Amino acid sequence: MKNLKQELQNGTVLGDGGYLLELERRGYVDSGSGREKVGTGRGSGQFTPEVAIEHPDALRELHREFLKAGSQVLQALTFFATREKLTRAGYGSHTEDINRAAVRIAREVAGDRALVAGSVSRTQLFEREGSSAAQHAGDLFAEQIRFLQDAGVDFLLLETFFHLEEMLIAVDKARQTTLPIVATLSFRPDASRAADGRSPAECARVLADKGVDVVGANCEQEPSRMLPILREMREAVAIGIAGQPAAFRTTDATPCFTRLPQFPDDLESIQVPRSEFASFARVAHGEGINFIGGCCGANAAYIRAMAQSLAFA
Ligand SMILES: [Zn+2]
């Protein structure tokens, strides 16, 4: 593995799957559902990544599984690892430790066989406070991105942003490094626009103009419902397109799994089979979507199915 831009020039890059939900199933991550309503953005320590310092072997093992399945990218588990979110979970003073440990563990497993992505996700401040959170969010991103860069990630993966406005703040901070940037939004509550009303094509154009290397979508929808979003982006811009869908069946009325009543404790009842990811990989690859992986619910079996599918593409 050399670098992301080179790998994308060589062909389609296969990413990995979802970490937090898989580690929650294995008992190492707290969903928060035992004490509060999950999915509001107001919760305390829901789905935070302290597993990186508390159970590093569990995280290491999941990285190993993805690598063995064929992942060419390992995401450091730094999702929801900004200081404000970790403080709500009681881990604020460990913010730097968690970010550094997550990158170190991913790197140990990746060696020179996979790229390590530093994950930066939405802060949840925009859901709670709107645009007035801009300055605070920017400060949090700047701090986390500094930790990730110092720890030695190969590129930044800005992911699971609901608001384009908040994504643009993260992009500005990421652009202060020399690292390649992959920027993927999550489209909810409506699968045809971001939370601030922008269409996938508009989001792609704005982000491409900002200089990101790859734009795309991750999480919330299953492959079949995400594919139209990715197609719209593919038609809108000439840069790389990333698609990392969730492995849960959504509905026309609620096209995002985190708003379904099955989230977070009954997700097994809406799990989609790995074969849908195998088909998705084949179709997406054929349409020029060149960074393909999974998000929540996609474990190593899903990645292996996509790897096999892409080998025959
Ligand atoms: Zn996800």
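Buried here means under 20% relative accessible area, exposed means over 50%, and partly exposed lies in between (1.4 Å probe, protein chains only). The model is predicted, so that local features need pLDDT of at least 70 and side-chain atom pairs count only at pLDDT 80 or more, whereas totals for chains, interfaces and linings use all residues. Residues are numbered from 1 along each chain as its sequence is written, and side-chain values use heavy atoms, with hydrogens and water left out.

**Exercise 1. Determine which residues of helix H4 are buried and what covers them.**

Solution. Helices (H or I, at least four residues) and strands (E, at least two) are DSSP runs, numbered from the N terminus. Begin with the length: the expected span of a helix is 1.5 Å times one less than its number of residues. For the 14 residues of H4 (residues 56-69) this gives 20 Å, which agrees with the 20 Å between its end C-alpha atoms. Next, list the buried positions, which are Ala-58, Leu-59, Arg-60, Leu-62, His-63, Phe-66, Leu-67 and Ala-69. Then look for their cover, taking contact to mean heavy atoms within 4.5 Å: it includes helix H2 (20-25), helix H3 (51-54), E2, H6 and H13. Finally, follow the chain out of the helix, where Gly-70, just after H4, takes a positive phi of about 125°.

**Exercise 2. Establish how the buried residues of H12 are arranged around its axis, and what they pack against.**

Solution. Helix H12 (residues 274-286) has 13 residues and reaches 19 Å from its first C-alpha to its last, close to the 18 Å expected at 1.5 Å a residue. Its buried residues are Phe-277, Ala-278, Phe-280, Ala-281 and Ala-284. Seen down the axis of H12, these fall within an arc of 160° (taken from the directions from the helix axis to the C-beta atoms), so they line one face of the helix. The spacing can be read against a general rule: an α-helix has 3.6 residues a turn, so residues three or four places apart point the same way. The partners of this face are helix H11 (223-236), strand E7 (240-244), strand E8 (291-292) and helix H13 (300-311). Just after H12, Gly-288 has a positive phi of about 85°.

**Exercise 3. Work out the order of the strands in the sheet, and describe the surroundings of E3.**

Solution. Two strands pair if DSSP finds at least two bridges between them. On this basis 8 strands form an open sheet with parallel pairing, in the order E1-E8-E7-E6-E5-E4-E3-E2. The edges are strand E1 (13-14) and strand E2 (73-76), each of which pairs on one side only. Helix H6 (residues 95-110) packs on the sheet, touching E2 and strand E3 (115-121), and its direction makes about 160° with that of E2; axes are lines fitted to C-alpha atoms, for helices over the stretch in contact, and angles run from 0 to 180 degrees between N-to-C directions.

Now take the pairings one by one. E2 and E3 are parallel over 4 bridges, with Val-73 opposite Leu-115 and Leu-74 opposite Val-116. E3 is joined to E4 by 5 bridges, again parallel, and Gly-118 has Leu-156 in E4 as its bridge partner. Strand E4 (residues 155-161) is in turn joined to strand E5 (residues 181-185) by 5 bridges, with Glu-159 opposite Thr-184.

For the surroundings of E3, note that 7 of its 7 residues are buried, so the strand is largely enclosed by the rest of the structure. Leu-115, Ala-117, Ser-119 and Ser-121 point one way, while Val-116, Gly-118 and Val-120 point the other way.

**Exercise 4. Find the residues with the most contacts inside the largest nonpolar core.**

Solution. A nonpolar core is a set of buried Ala, Val, Leu, Ile, Met, Phe, Trp, Tyr and Cys residues joined through side-chain atoms within 4.5 Å. The largest has 94 residues, and Leu-158, Leu-207 and Phe-257 have the most contacts inside it. Apart from this core lies another, of 12 residues, including Leu-4, Val-73, Leu-115 and Phe-291.

**Exercise 5. Locate the cis peptide bonds that precede Pro-189 and Pro-264.**

Solution. One joins Arg-188 and Pro-189, with omega about 0°, and Pro-189 lies in the loop between E5 and helix H10 (200-209). Another joins Phe-263 and Pro-264, with omega about 5°, and Pro-264 belongs to the loop between E7 and H12.
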